[in-house]
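Got your viewer open? Load the model, switch on side chains, and follow along stop by stop.

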Amino acid sequence: MISDQVYNVLTTGVGHIGCASSSLRPFHADALGVCCDQVSGRIVCCLNKETNKPFVQTLEIGSRVSLFVGVISHEAYNLKGDVTELRDVYDDERQACDDLRKQMYSLYGELGIPENLAEKYWLKPANLAVVFSVDKVFVQTPGPDAGKQI
Amino acid sequence: MITDEHLPALQGMFPSWITTVSNDGEPNTTVISQIWHVNETEVALSFQFFNKTKKNISQNPFAFATITNPASFDMYTLELEYSRTENEGDLFDEMDMKLEAIASMSGMSGIFELKGADIYTVLSISKNNL
């Protein structure tokens, strides 16, 4: 069960998802959008394959992943789970990525970052969906509760 | 390894992110305020409050990080191996002053206490743009 508070950060924040190789080398990828089923705790993390090759080449069904998501206020969470699917991005998920990208352009604009620079991070095809089932959620917001499992 | 091209991304003007792994294979990805340039083969991470990262590194010295040039938004990924921690000296003092200044500006003074400067060897650095 994913709380409304965590769901909000998942779907409006910046996310980075990490994995480990069989020799315990870490890699990560940058999320272009995250979809979430709050009841089942199923997360779909959409990313671009071409700019995340070490991560993509390492990841497989059953891999353990760590998804960090955070928003401008510094509220942040870390969700861990095991990968259940690796597949193409569905249309509604791609739409969620597009919506997030536009939100980010607006946010970046308020921070003085022009769209042509923001595009270098955000304007990439979302062509891989990493699906995992959440079994742990940690607070990552800086402060006394950082690291606490919720 | 680290050249002038990479230096703007090591100034802390844009957040970086890092992944480490425990010895039982569980990754941990988190965002950090800055990865510091030490020399052409070493960088430093501030040991503040990301205790899971510190714990993982104590078990498994490898890390994977991404840094961003704030002017161009060129991104670079670094494969790192933990070398040592410095708790005093010029680098530690520089990090401490800057982190406290950043914390003060964002109203979070005291939360960003510097516990040490973790020095990593850069095993590889790659540009990561599309």
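Start with the salt bridges: there are 14 over all chains, each being a side-chain nitrogen of Lys or Arg within 4 Å of a carboxyl oxygen of Asp or Glu. Before you click, note that this is a predicted model, where local features need pLDDT of at least 70, side-chain atom pairs count only at pLDDT 80 or more, and totals for chains, interfaces and linings use all residues. Residues are numbered from 1 along each chain as its sequence is written, chains are lettered from A and ligands numbered from 1 in the order in which they are written, and side-chain values use heavy atoms, with hydrogens and water left out.

**Stop 1: a salt-bridge network**

Select A:Arg64 and A:Asp135, whose salt bridge has its closest N and O atoms 2.7 Å apart. A:Arg64 sits in strand 4 (residues 64-70) and A:Asp135 in strand 6 (residues 128-139), both of chain A, so the pair ties together parts that are 71 residues apart in sequence. Helices (H or I, at least four residues) and strands (E, at least two) are DSSP runs here, numbered from the N terminus. A:Arg64 is buried at 16% relative accessible area, while A:Asp135 is partly exposed at 42%; buried means under 20%, exposed over 50%, and partly exposed in between (1.4 Å probe, protein chains only).

Now add B:Glu26 and A:Lys136, which meet in a salt bridge (3.7 Å, N to O). B:Glu26 is in the loop between strand 1 (16-21) and strand 2 (27-32) of chain B, and A:Lys136 is in strand 6 of chain A, so this pair joins two chains. B:Glu26 is buried at 11% relative accessibility, and A:Lys136 is partly exposed at 27%. Bring in A:Asp82 too: A:Arg64, A:Asp82, A:Asp135, A:Lys136 and B:Glu26 are linked in a network of salt bridges.

**Stop 2: another pair in chain A**

Pick A:Glu85 and A:Arg87, joined by a salt bridge at 3.3 Å, N to O. A:Glu85 is partly exposed (30%), and A:Arg87 is buried (12%).

**Stop 3: the loop in chain B**

Go to B:Ser22, in the loop between strand 1 and strand 2 of chain B. B:Ser22 is buried, at 5% relative accessible area. What does its side chain make a polar contact with? The side chain of B:Asp24, at 2.2 Å. Leaving aside neighbours within four places in sequence, B:Ser22 is in contact (heavy atoms within 4.5 Å) with A:Leu24, B:Asn56, B:Gln59 and B:Asn60. A polar contact is a pair of N or O atoms within 3.5 Å; within protein, one must be able to donate a hydrogen and the other to accept it, and residues adjacent in sequence count only if both atoms are side-chain atoms.

**Stop 4: helix 3 of chain A**

Select A:Tyr105 in helix 3 of chain A, buried at 11% relative accessibility. Not counting residues up to four places away in sequence, A:Tyr105 touches A:Glu115, A:Ala118, A:Glu119, A:Trp122 and A:Leu123. Draw a C-alpha distance from A:Tyr105 to A:Ala118, 13 residues apart along the chain, and you should get 6.4 Å.
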